[in-house]
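Me: Could you take a close look at the sheet for me? I'd like to know how the strands are arranged and what links them.

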Amino acid sequence: MEFINGVILIEAVKSMPIWLQITAYFLTLAIFILDIYITVKVSRSIAEGKILKPIVAEVLGVALLVTAGAFAKGEIIGVDYFKVPNGLYRVTVTAEADMTEFQNTYEIVDYKDGVYTIKVRE
């Protein structure tokens, strides 16, 4: 992408596609439901006097909860692999940039600490 004079690219903004986000949320929900099922089974086994099976099941339940939390936060291993550019760019503007031309060429989506998030106007 070519920017006007005085605009310096920091990074192209990437995000997960919506279909992947929806899939991750449904997978997280399924893991939570499975964990509730395991917890109910564990409590019944403990009531029947069994000890070893409930411990293994509870460890599995905790592992599932940690996995569900990772999915919900988007911290899946390799999540950057699934991210795609979304047409936004983080840039800085130097003194040699004409701000009128900048505002006419780009739509400013966000500004924080001297960094603009912009989208090219069509």
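Reply: One term before the hairpin comes up: a strand here is a DSSP run of E with at least two residues, numbered from the N terminus, and two strands count as paired if DSSP finds at least two bridges between them. Keep in mind that this is a predicted model.

Let's start at the hairpin. Strand β3 (residues 106-112) pairs with strand β4 (residues 115-120) over six bridges, in the antiparallel sense. Across that pairing, Glu107 faces Lys119 of β4. Two residues sit between the strands of this hairpin, and Asp113 has a positive phi there, near 50°.

Now move on to the next strand over. β4 is also joined to β2 by four bridges, again antiparallel, and Val91 has Tyr116 in β4 as its bridge partner.

Put together, you get an open sheet of four strands in the order β1-β2-β4-β3, with antiparallel pairing. β1 and β3 are the edge strands, each with a single partner, so one side of each has no neighbour in the sheet. On average, neighbouring strands are turned by 35° against each other, direction ignored.

As for side-chain links, the structure has one salt bridge. It's formed by Arg90 and Glu11, at 2.5 Å from N to O. Arg90 belongs to strand β2 (residues 84-93) and Glu11 to strand β1 (residues 7-15), so the pair ties together parts 79 residues apart in sequence. Arg90 is partly exposed, at 31% relative accessibility, and Glu11 is partly exposed too, at 35%.

Note on methods
Residues numbered from 1 in each chain as written. Predicted model: local features only at pLDDT ≥ 70, side-chain atom pairs only at ≥ 80, totals over all residues. Heavy atoms only, no water. Salt bridge = Lys/Arg side-chain N within 4 Å of Asp/Glu carboxyl O. Buried < 20%, exposed > 50% of the residue type's maximum accessible area, 1.4 Å probe, protein only. Axes fitted to C-alpha atoms, helices over the stretch in contact; angles between N-to-C directions.
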